[in-house]
Each structure stands twice: as C-alpha cells, then as structure tokens.
Amino acid sequence: MLVNILGVPVTLEHLRRFAVANSLFPPTTLKRVLHKLGFVQADPIRAPARAQDLILRHRVKDYRAGDLERRYAQLGIEEDFFINYGFVTREVQALMHPRSNSRVPAEGRLPWPAGRRKRAELVLSFVRERGFVHPREVDNHFAHGRVKNYWGGSSNATTHLLDAMHYQGLLRIVRRQAGIRIYAAHEHGPGTSDKVERQRRIDALVDIAVRIYAPLPGKSLSFVIRRLRFATPQWQTEITGALKRAKERLAHERIDGVDWYWPAEERVPRSAPSDTVRLLAPFDPVVWDRARFELLWGWVYRFEAYTPAPKRKLGYYALPLLWRDRVIGWGNLSVERGRFKSELGYVEARPPRDRAFKRELEAELGRMRVFLGLES
C-alpha cells in the first residue's frame, strides 16, 4: 500500500488535498508558470474573463486579465491543440509535430483532399511573401467564399482553411489583433520513424498531461491519454501502448474500488489546506475532469454555457467555489456598466458559518476586481 509523506495510508481525503496543492502552487512569474504547466486550456467566452486568464490568475503573481495575450510574443509559447486547444510551450509543441496531412480534430481522420492541399500551398506562398497576415487579407486576395463548418453551419472558407493549416503546423499565430489571429508561415522540425523516439515523445506528452491533472482515477487517465490523438494524430496507433506504459510507471492506489494514478515522484502534502477561497475557471485543472470532481467532492458540476437558459441549474458560466480543499458551491460573476456583480450558490443551500470563510470570500472577490481592472 502506498503511503503519504507522514507514512499514513493514502485516503480520498489525502487525494483531495493533493489535487488542490499539486495544481495551486505558490504564485510566481507568468513565464515560469507556463513552463511549469506546459499547457493552459483556452476558451473564447469572457464571463467575466477568458478561461486562460481565470486559470493563470491563481498561479501568477499580480496577474491581470489579458496579460497572456499582451505578452504572448515574449513568452516562448504557441497556440496549439494538446488534449484541448490552448497555449503550449515550444518544447511541448515540438513533441507533437509535424502532423503530416492531418485534418483538424472535428473533421475526423481522413487526409486532406487534393483541392484543399492546392489552396493551402497558394495561401502559404502568399503568407511567406508578406511575413504575417490578417485573415481578411487572405480572404480579400483569394475570395474562398463560404463552406459548411464542423457543426453543420456556414463559415468563411478562408478562416476554415487557415484553422486547418495552423493545426497541421504550416502556420503559427504570431499575435492576436482584437481577438483575431494573425498568422505567419511556420516549419516544424523533422518527424521520426524510429519507434523508440516516437514512444519517448508520446510518453513525455502523457507525463505532461498527468502532471497537470493528477491525481486521476483510472477511467479519467484513459480519457486524458486517449485525447492525445488530437496532439499527435500521426501516431494514433501508439496511444494504447502509451496508456499501458503509463499505468506501469505512475504511482497507483485503489481507494473505495477506484484506481487512482499520479506521478511517482509526487507525495501527498504534509500541511493542512489554508483558509483561502478561490473561484475557479470551469476548465481549471483542479475541476476540469468532471468524473474526478464527483469522486473528490461528491456533487455534480456541469458547464452550462451551451445549455438552454431554462434548463441551467448553476448558471451560464458558473465558477466552482473552492474553500480550503473542498468545492462547496459556485459563483456567477459579471461586469455591467463598470460595476462588478457576483451571485453565489452553495451545495448545502447556505454558506459556511465560519468567520474565516466570510473573510476569505471577500478577499477573493476583491482579488477578482483587481484582476479585472476595476480596482487598482
């Protein structure tokens, strides 16, 4: 049986503590956080800020909404698809590429049709001539028209093609202009046909994902590793072997009939959780895995932004409310005409009566105002 740092058998309570302490480490610089994590998930919804900013504010000292976009070019990172779309370090990106002849995840596994390949070659030459381009420039030059998008609607064909070229690695995003991607041509290093090197790269990607989301129940570990087919579509046949190797090298314990996994070098923290209250992004590593969420905190959290309003139970963009090492509720935050508004809900219908909770909740709402630029 595995034991924690004090020599006590690992329990679900220990794993809850580990889940929080492993992810919510002491705040440091933005560059150090990005290189420590390797990947930060992105989402375009701003309620009250984008997911990547809400994730980073807990981990980066004095972070303000939009800092990642403002400093993107100086951070040594790229926008790309890992297990989801987001920001990766260039070291992580190098493990995933080149994705030869691969469609974006929503399109399936088929190779590019010849017509798209030809259009991409023309666009790539156009981008190289100009250095970097706004999608509007490409559209004005080529007039690709409209196409049916991944979800059955209609999209600008140029945007569709640029997305596909970016995923394949022919383009990179140099910056954003009013939220719009600005592209430049890109060329990745050579691929590998060597089996040992291929497995090394995939195992490194597995370790990055596990480090971000540990501890993981067995089904979630399988889910996370299988999502690496989006990071490395050229090596999809290697995923099953990668999962097997991961289970052999990770620390493991069976608790209440559930197998849990985490990096072998990690230990359950010695100290008790602090009184800190945090409002987490729906995609924060602490709460991202909904199956793990239910096992650790005993209630169902769902992201309801795409749920019809009458069917929502928590709210459009409900932020899980973490106190100490327990997720006890949620908050819906907004800024209307420059005024900050917060609506909180609790699993047990009413907030804790502990004075420390009230004090720390006010401190968290104050930090949120500063993060949003509403207070200096």
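Two strands count as paired here if DSSP finds at least two bridges between them. With that in hand, welcome to a short tour of this predicted model.

**Figure 1. The whole protein chain, with its 14 helices and 14 strands.** The radius of gyration of the protein chain is 22 Å, close to the 21 Å given by the globule rule for 376 residues, so the chain is as compact as a globular protein of that length. Along the principal axes, its C-alpha atoms fill a box of roughly 65 × 55 × 40 Å. Of the 376 residues, 52% are buried. Take the contacts between residues at least 6 apart in sequence: 62% of them join residues at least 24 apart. The protein chain exposes about 18,500 Å², and carbon and sulfur atoms supply 50% of that area. For those who think in charges, the chain has 65 positive and 42 negative ones, and the mean positions of the two sets are 2 Å apart.

**Figure 2. Strand β3 (residues 85-89) and its antiparallel partner β1 (residues 39-41).** How many bridges join β1 to β3? There are 3, and the two strands run antiparallel. To find your way along the pair, look for Phe39, which stands opposite Val88 in β3. In β3, 4 of the 5 residues are buried, so this strand is largely enclosed by the rest of the structure.

**Figure 3. The hairpin of β2 and β3.** Strand β2 (residues 77-81) also pairs with β3, in the antiparallel sense and over 5 bridges. The hairpin has 3 residues between its two strands. Two facing pairs make handy landmarks: Glu79 stands opposite Phe87, and Phe81 has Tyr85 as its bridge partner in β3. Is β2 enclosed or left open? Here 5 of the 5 residues are buried, so β2 is largely enclosed by the rest of the structure. Ile77, Glu79 and Phe81 point one way from the strand, while Glu78 and Asp80 point the other way. Residues on both sides of β2 are buried, the acidic Glu78, Glu79 and Asp80 included.

**Figure 4. Met96 in helix α5 (residues 90-96).** Met96 has a relative accessible area of 0%; because anything under 20% is called buried, Met96 is buried. Which residues does Met96 touch, leaving out those up to four places away in sequence? Asp80, Phe81, Phe82, Val88, Leu205, Ala231, Thr232 and Gln234 make up the list. Among these, Phe82 is 14 residues from Met96 in sequence and 8.2 Å away in space, C-alpha to C-alpha. Two of the contacts lead back to the hairpin of the previous legend: Phe81 in β2 and Val88 in β3.

**Figure 5. Gln168 in helix α8 (residues 157-168).** Is Gln168 buried or exposed? With a relative accessibility of 7%, Gln168 counts as buried. Setting aside neighbours within four places in sequence, its contacts are His97, Arg99, Asn101, Ser102, Trp112 and Arg117.

**Figure 6. Arg128 in helix α6 (residues 114-130).** Arg128 has a relative accessibility of 51%; because the exposed class begins over 50%, Arg128 counts as exposed. Where does Ala185 lie relative to Arg128? The two are 57 residues apart in sequence, and their C-alpha atoms are 5.9 Å apart in space.

**Figure 7. An open sheet of 3 strands, in the order β8-β10-β9.** Its strands pair in the antiparallel sense. β8 (216-217) and β9 (251-255) stand at the edges with a single partner strand each, so one side of each has no neighbour in the sheet. Strand β10 (residues 258-262) pairs with β8 over 2 bridges. One residue pair to look for here is Leu216 and its bridge partner in β10, Tyr261.

Methods. Residues numbered from 1 in each chain as written. Predicted model: local features only at pLDDT ≥ 70, side-chain atom pairs only at ≥ 80, totals over all residues. Heavy atoms only, no water. Rg over C-alpha atoms; globule rule 2.2 N^0.38 Å. Buried < 20%, exposed > 50% of the residue type's maximum accessible area, 1.4 Å probe, protein only. Contact = heavy atoms within 4.5 Å. Areas by Shrake-Rupley, 256 points an atom, 1.4 Å probe, with all protein chains shown as cover. Lys, Arg positive; Asp, Glu negative; His and termini not counted. Charge placed at Lys NZ, Arg CZ, Asp CG, Glu CD.
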